[in-house]
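Here is a short briefing on one structure. It covers the ligand site, two single residues, a helix and the aromatic pairs.

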Amino acid sequence: MYKDFEKVLVSKEQLAKRISELASELDKEYNGKNPLFIGILKGSVFFTADLLKALTIPCQMEFMAVSSYGKETKSNGEVKLIKDLSVPIEGRHVIIVEDIVDSGNTLSYLKRILLQRNPASIKIITLLDKPDRRKVDLKVEYIGFTIPDEFVVGYGLDYDEDYRTFDEVYILKREVYEK
Ligand code: PRP
């Protein structure tokens with residue numbers, strides 16, 4: 001394991017097993033609906049790819065990017081749209097794919113703007129959920145793992161853009177982000 005990590009929180013095997021379970025649920029729920037999955041850059045790229053490869057039904061994949069106006073304002077729920085969709089979603093069954101739900105501000109904002117475009121339905125899937133940190137009321141239909149309030153990286157998740165490409169979810173050593 002890389003020196004900056006305290007321990008593995010979610011292993012490769014646990015990821016693969018849970019992703020395959022989630023894919024089976026989505027296969028059933030969205031059969032015949034040609035759903036549109038929207039991955040939120042950049043954290044969700046690996047989860048989105050692995051989840052959609054595990055599906056057996058046809059679907060489509062798009063990406064959006066958002067960013068906070070800064071750490072402090074993010075806690076006030078301010079989110080900025082960096083990259084919008086290039087396709088309409090009216091009448092489509094949409095699933096937003098996230099790596100982690102923390103305060104819930106990002107998804108609450110995204111859901112609100114996407115609902116204005118009249119999709120047939122809109123649901124959320126996240127690999128990780130940190131319910132202890134929630135600041136807004138948000139319904140998350142599919143959750144991979146509920147985790148404690150620890151600083152996690154890997155499998156798409158970063159600290160200052162580092163560690164995204166490691167293939168498990170790790171707890172970052174305190175000394176790395178407290179120095
Ligand atoms: C992370 C994550 C969510 C958001 C969750 O993204 O991917 O989008 O934060 O936090 P919230 O529930 O408090 O809004 P980040 O802004 O770190 O961008 P990234 O995906 O590019 O790492």
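Which element gives the most to the shell around the ligand? Strand β5 does, with four residues. The model is predicted, and every value below is computed from it.

**Ligand shell**
- There are 15 residues around the ligand. Glu-98, Asp-99, Ser-103, Gly-104 and Thr-106 come nearest.
- Sorted by class, the shell holds seven charged, five polar and three nonpolar residues.
- Thr-106 places a polar side-chain atom 2.5 Å from an oxygen atom of the ligand.
- Gly-104 uses its backbone instead: an N or O atom there lies 2.7 Å from a ligand oxygen.
- Gly-43 also works through the backbone, with a polar atom 2.9 Å from an oxygen atom of the ligand.
- The ligand taken alone exposes 490 Å², and the protein buries 82% of that.
- Two elements give two or more residues to the shell: β5 (93-101) and α4 (105-115).

**Helix α4**
- How many of the 11 residues of α4 are buried? Nine are, so the helix is largely enclosed by the rest of the structure.
- The buried set is Asn-105, Thr-106, Leu-107, Ser-108, Tyr-109, Leu-110, Lys-111, Ile-113 and Leu-114.
- Thr-106 thus appears twice in this briefing: it is buried in α4, and its side chain has a polar atom 2.5 Å from a ligand oxygen.

**Lys-130**
- Lys-130 sits in the loop between β6 (121-129) and β7 (142-146).
- Is Lys-130 buried or exposed? Its relative accessible area is 7%, under the 20% cut-off, so Lys-130 counts as buried.
- Beyond its neighbours within four places in sequence, Lys-130 is in contact with Ile-100, Val-101 and Asp-102, among others.
- Its other contacts are Ile-147, Pro-148, Asp-149 and Glu-150.

**Leu-41**
- Leu-41 belongs to strand β2 (residues 36-41).
- Its relative accessible area is 30%, so Leu-41 counts as partly exposed.
- Setting aside residues up to four places away in sequence, Leu-41 touches Phe-63, Met-64, Ala-65 and Lys-83.
- Ser-67 is 26 residues from Leu-41 in sequence. The C-alpha to C-alpha distance between them is 9.4 Å.

**Aromatic pairs**
- The count comes to 12 aromatic pairs.
- One of them joins Phe-5 and Tyr-163, with centres 5.5 Å apart and planes at 65°, an edge-to-face geometry.
- This pair links distant parts of the chain, 158 residues apart. Phe-5 is in strand β1 (residues 5-10), and Tyr-163 is in the loop between β8 (152-153) and β9 (169-172).
- Both partners are buried: Phe-5 has a relative accessible area of 2%, and Tyr-163 has 11%.
- A second pair is Phe-151 with Tyr-159. The centres are 5.3 Å apart and the planes stand at 90°, so this pair is edge-to-face.
- Here the partners are partly exposed, with Phe-151 at 27% relative accessible area and Tyr-159 at 26%.
- Which residues form one aromatic cluster? Tyr-2, Phe-5, Tyr-163, Phe-166 and Tyr-170 do.

Notes: Residues are numbered from 1 along each chain as its sequence is written. This is a predicted model: local features need pLDDT of at least 70, side-chain atom pairs count only at pLDDT 80 or more; totals for chains, interfaces and linings use all residues. Side-chain values use heavy atoms; hydrogens and water are left out. A residue is near a molecule or strand if one of its heavy atoms lies within 4 Å of it. A polar contact is a pair of N or O atoms within 3.5 Å; within protein, one must be able to donate a hydrogen and the other to accept it, and residues adjacent in sequence count only if both atoms are side-chain atoms. Accessible areas come from the Shrake-Rupley method with a 1.4 Å probe; for residues, only the protein chains shown count as cover. Ala, Val, Leu, Ile, Met, Phe, Trp, Tyr, Cys and Pro count as nonpolar, Asp, Glu, Lys and Arg as charged, and the others, Gly among them, as polar. Buried means under 20% relative accessible area, exposed over 50%, partly exposed in between (1.4 Å probe, protein chains only). Contact means heavy atoms within 4.5 Å. Rings of Phe, Tyr and Trp (its six-membered ring) pair if their centres lie within 6.5 Å; planes under 30 degrees apart count as stacked, over 60 as edge-to-face and the rest as tilted.
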